Amino acid sequence: MSDCIFCKIASGEIPSNTIFENEDFRVILDNGPATKGHALVLPKAHYADLYEIPEETVMGAVKVAKTVAGTMKEKLGCDGLNLVQNNGAAAGQTVMHFHLHIIPRYENDGQHILWKPTSPSSEELVEIRKTIVGE
Ligand code: AMP
Ligand code: ZN
């Protein structure tokens, strides 16, 4: 994708703060980080989102995230870590090249990567289950 910024970063055409690289992925520091060390796993090939990315590639991205997560715990001393992956504008995706956020968390870091729980009835849950599994 010639006009995709993450393609250009992943290929090295645009410089980035790379913290890990292999043949298929580059991991960069997010330039608008939620916390110290917030990083993005970028596949070098262009896939818009979870729907497009092949299963094998998404598994590779998770493996890379696991490696980097271990490094962050050791080197940054984070107290926790979120993996976040947004698909579609409705879910907050702003760059339409698949990426996996690795967000190290620190006690009292002031971030809220949470949602507001709702209270569906048990009937509603049964209906949703039926809609999804088709029975
Ligand atoms: P998302 O909202 O899941 O699409 O996340 C996009 C992320 O990419 C945001 O956290 C941005 O801060 C980050 N981002 C956008 N452009 C760049 C860039 N040139 N270098 C590093 N991070 C970027
Ligand atoms: Zn791309």
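The legends below describe close-up views of ligand 1 and of two pockets in a predicted model.

**View 1. Polar contacts of ligand 1 with the protein.** A polar side-chain atom of Asp30 lies 2.5 Å from an oxygen atom of ligand 1, while polar backbone atoms of two residues also approach ligand oxygen atoms, that of Thr94 at 2.6 Å and that of Val95 at 3.1 Å. Taken alone, ligand 1 exposes 510 Å², of which the protein buries 79%.

**View 2. The shell of residues around ligand 1.** The shell holds 16 residues, and those that come nearest to the ligand are Asp30, Gly92, Thr94, His99 and His101. Helix H1 (5-11) and strand E2 (25-29) are the elements that give two or more residues to this shell, with H1 providing the largest share, 3 residues. By class, the shell comprises 7 nonpolar, 8 polar and 1 charged residues.

**View 3. The largest pocket, in which ligand 1 sits.** This pocket encloses about 400 Å³ of space, and of the 22 residues that line it, Phe6, Ile28, Asp30, Asn31 and Leu40 are the closest to its centre. Its lining draws at least two residues from each of H1 and E2, and divides into 10 nonpolar, 11 polar and 1 charged residues.

**View 4. The second largest pocket, with a volume of about 160 Å³.** Among the residues lining this pocket are Ile19, Phe20, Leu29, Gly37 and Lys75. Strand E1 (18-21) and helix H2 (55-76) each give two or more residues to the lining, the largest share, 6 residues, coming from H2. The lining is made up of 6 nonpolar, 3 polar and 1 charged residues.

Definitions and conventions. Residues are numbered from 1 along each chain as its sequence is written. Chains are lettered from A and ligands numbered from 1 in the order in which they are written. This is a predicted model: local features need pLDDT of at least 70, side-chain atom pairs count only at pLDDT 80 or more; totals for chains, interfaces and linings use all residues. Side-chain values use heavy atoms; hydrogens and water are left out. A residue is near a molecule or strand if one of its heavy atoms lies within 4 Å of it. A polar contact is a pair of N or O atoms within 3.5 Å; within protein, one must be able to donate a hydrogen and the other to accept it, and residues adjacent in sequence count only if both atoms are side-chain atoms. Accessible areas come from the Shrake-Rupley method with a 1.4 Å probe; for residues, only the protein chains shown count as cover. On a 1 Å grid over the protein atoms alone, a cavity is a set of points where a 1.4 Å probe fits but cannot get out, and a pocket is an open set with protein on both sides within 12 Å along at least five of seven lines; lining residues have an atom within 4 Å of a point. A molecule sits in a cavity or pocket if more than half of its atoms lie within 2 Å of its grid points. Helices (H or I, at least four residues) and strands (E, at least two) are DSSP runs, numbered from the N terminus. Ala, Val, Leu, Ile, Met, Phe, Trp, Tyr, Cys and Pro count as nonpolar, Asp, Glu, Lys and Arg as charged, and the others, Gly among them, as polar. Grid points are joined across faces, edges and corners, and a volume is the space filled by probe spheres set on the points.
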